[in-house]
Amino acid sequence: MKLSTKDQNLLDKKGISVKKIEQQVEIFKTGLPFINLKRAATVDDGILKLNDAEKDQFISLYDSSKENIDIVKFVPASGAATRMFKFLFQFLKSYQSKDESINAYINRKKALDISLFFIGLEKLPFYNDVIQHLKNTKPHYSQLTLEEQRIEFVKALLEENQLNYSFYPKGLLPFHKYQDHTATAFEEHLYEAAQYASSNKKAKVHFTISDKHLELFEEEFEKIKDKVEAKTETTFDISFSFQKQSTDTIAVNSKDEIVRTKSKDLYFRPSGHGALLNNLNELDADVIFIKNIDNVVVSKYKDEVGKQKKVLAGLLLEAKNKAFEYAKALDEKELSEQELIEIANFLQNKLNVVISAEFEKYAKKYQVEYLQKKLNRPIRVCGIVKNEGEPGGGPFWVKDESANISLQIVETAQIDTKAKSQKKILKKATHFNPVDIVCCIKNYKGETYDLQQYLDAKAAFITEKTVNGKSIKALELPGLWNGSMSNWNTIFVEVPLATFNPVKTVNDLLKSSHQVD
């Protein structure tokens, strides 16, 4: 590969090796294999469904343990709000105000999202702010027709020289309108953390953000800190990190040639949420809650959300404590054949590890090594929601190239939907992944695992993008909760749909989980 001195300087600045670039080019040339689905995970076959007594037991275990452990809530929050307003940008671009009414546009484009937006306009959390802005900047606003007012509303919301909401990170947009103030998703995450992710009246919350938004987040925290801490009787240890430049990936054209910028520099792209594995790995905690920035609720629903989080955490503690006990025993004691079988049964029945059919034929020394390898892994407990048509990955039993079978969260893009057998399994999926995870990334000695050792590099994604009007191929690293956690020990448990309330478009803010009244 021919690289100029300028190229090498850029690579050095980003912390990317030439070897890594060569590997990425090779991936573009050879492609990536599809995941081989064995069957969909279902209740009693990879997914736990707990009764009320079991839930209470796990909540009690967590509540009685949490003052003695380090807890962190990890919130991926780097996304800009642009996608939330995509249909409104499209509306401004293609609406012919001189030739048609808004209703005519809705009918012509079948734009039901625009219809819903205007029907629910006054219920949006930022409605009063936009109206006040319009009254301040457009003295004749009240004299405009209803249609003209609606156009001005959308322009005020999105235009760069006005409120420019799409520029802001999603976490700092107004999400919920209370009587005395409007709360951002960032603020709601603090209230949630106080409820289920605090220890000794202190809550640690780590947000991964874009470095250009750091000052905005810090200003928001200073603005709300005293009020939230007083209301929750909790002090907050807030930290931020950025997606590392060393995780950026190159892009290629249709001939698999490296794409360059107009100034002839190597063109790099952020590599998706899988890049956050490094950020996760730097946390020092016994229990880590993972939840996306846009998945929050108004205060009246927080008790139910908190309860379900504690169930997951209690389930994690029970599994972790037993796994640590067994891992320590394997290291320090001479165990009997029966004790080794007991550990194998724990791995199979509690951590969903498919034990080799040859296990009992192994010499004792190799049985111990086999069990150590299976036990000494990060553990994750994932809340899984009944599939009701929401987009997102789902839980499946997967067969790898060595014929090993394991539980995985799989995205549709990883599945060969042209293969009838795979499509048939996909259609039988009963649940999907809302990114509701509680995990432990330490071993029984308190040492943090190197999480890079437990990912599946072949679970990356190649996607088609357009840059400056030209089609390119981009590479995304294995997703944080997909291939990046491929070799973790995994427990899936069904949680209520009420715990999943993402805001993917601005209209999602009109749903009951985001409305105070």
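## Exercises on a predicted model

The crossing of helices H9 and H10 is right-handed, and the exercises below all concern this predicted model.

**Exercise 1.** Describe the geometry of the packing of H9 against H10, and identify which residues of the two helices meet.

*Solution.* Begin with the axes: those of H9, residues 185-196, and H10, residues 214-232, come within 10 Å and cross at roughly 35 degrees. Next, list the contacts, in which H9 contributes Phe186, Glu187, Leu190, Tyr191 and Ala194, while H10 contributes Phe217, Glu220, Phe221, Ile224, Lys227, Val228, Lys231 and Thr232. Finally, sort these residues by class, which gives eight nonpolar, one polar and four charged residues in the contact.

**Exercise 2.** Determine how strands E18 and E19 are paired, and find which residue of their hairpin takes a positive phi.

*Solution.* The two strands, E18 with residues 461-467 and E19 with residues 470-476, run antiparallel and are joined by seven bridges. At the end of E18, Val467 stands opposite Lys470 in E19. Two residues lie between the strands of this hairpin, and Asn468 has a positive phi near 50 degrees.

**Exercise 3.** Locate Asn164 and Lys264, and decide for each whether the residue is buried or exposed.

*Solution.* Most residues other than glycine have a negative phi. Asn164, by contrast, has a positive phi near 55 degrees, and the residue lies in the loop that runs between helix H8 (146-158) and strand E5 (174-177). Its relative accessibility is 15%, and because the cut-off for a buried residue is under 20%, Asn164 counts as buried. Lys264 also has a positive phi, near 70 degrees, and is found in the loop between strand E10 (249-252) and strand E11 (268-269). Here the relative accessible area is 60%, and because exposed means over 50%, Lys264 is exposed.

**Exercise 4.** Characterise the surroundings of Asn489, beginning with its burial and ending with its separation from Glu187.

*Solution.* Asn489 is found in strand E20, residues 489-494, and with a relative accessible area of 3% the residue is buried. Leaving aside residues up to four places away in sequence, Asn489 touches Leu347, Leu351, Val353, Lys374, Leu375, Arg377, Pro378, Ile379 and Arg380. With one of these, Lys374, the geometry can be given in detail, since a polar atom of the Asn489 side chain lies 2.9 Å from the backbone oxygen of Lys374. As a last step, turn to Glu187, one of the H9 residues that meet H10: Asn489 and Glu187 are 302 residues apart in sequence, and their C-alpha atoms are 32 Å apart in space.

Note on methods: Residues are numbered from 1 along each chain as its sequence is written. This is a predicted model: local features need pLDDT of at least 70, side-chain atom pairs count only at pLDDT 80 or more; totals for chains, interfaces and linings use all residues. Side-chain values use heavy atoms; hydrogens and water are left out. Two strands pair if DSSP finds at least two bridges between them. Helices (H or I, at least four residues) and strands (E, at least two) are DSSP runs, numbered from the N terminus. Buried means under 20% relative accessible area, exposed over 50%, partly exposed in between (1.4 Å probe, protein chains only). Axes are lines fitted to C-alpha atoms, for helices over the stretch in contact, and angles run from 0 to 180 degrees between N-to-C directions. A crossing is left-handed if the near helix is turned anticlockwise from the far one by less than a right angle, and right-handed if clockwise. Contact means heavy atoms within 4.5 Å. Ala, Val, Leu, Ile, Met, Phe, Trp, Tyr, Cys and Pro count as nonpolar, Asp, Glu, Lys and Arg as charged, and the others, Gly among them, as polar. A polar contact is a pair of N or O atoms within 3.5 Å; within protein, one must be able to donate a hydrogen and the other to accept it, and residues adjacent in sequence count only if both atoms are side-chain atoms.
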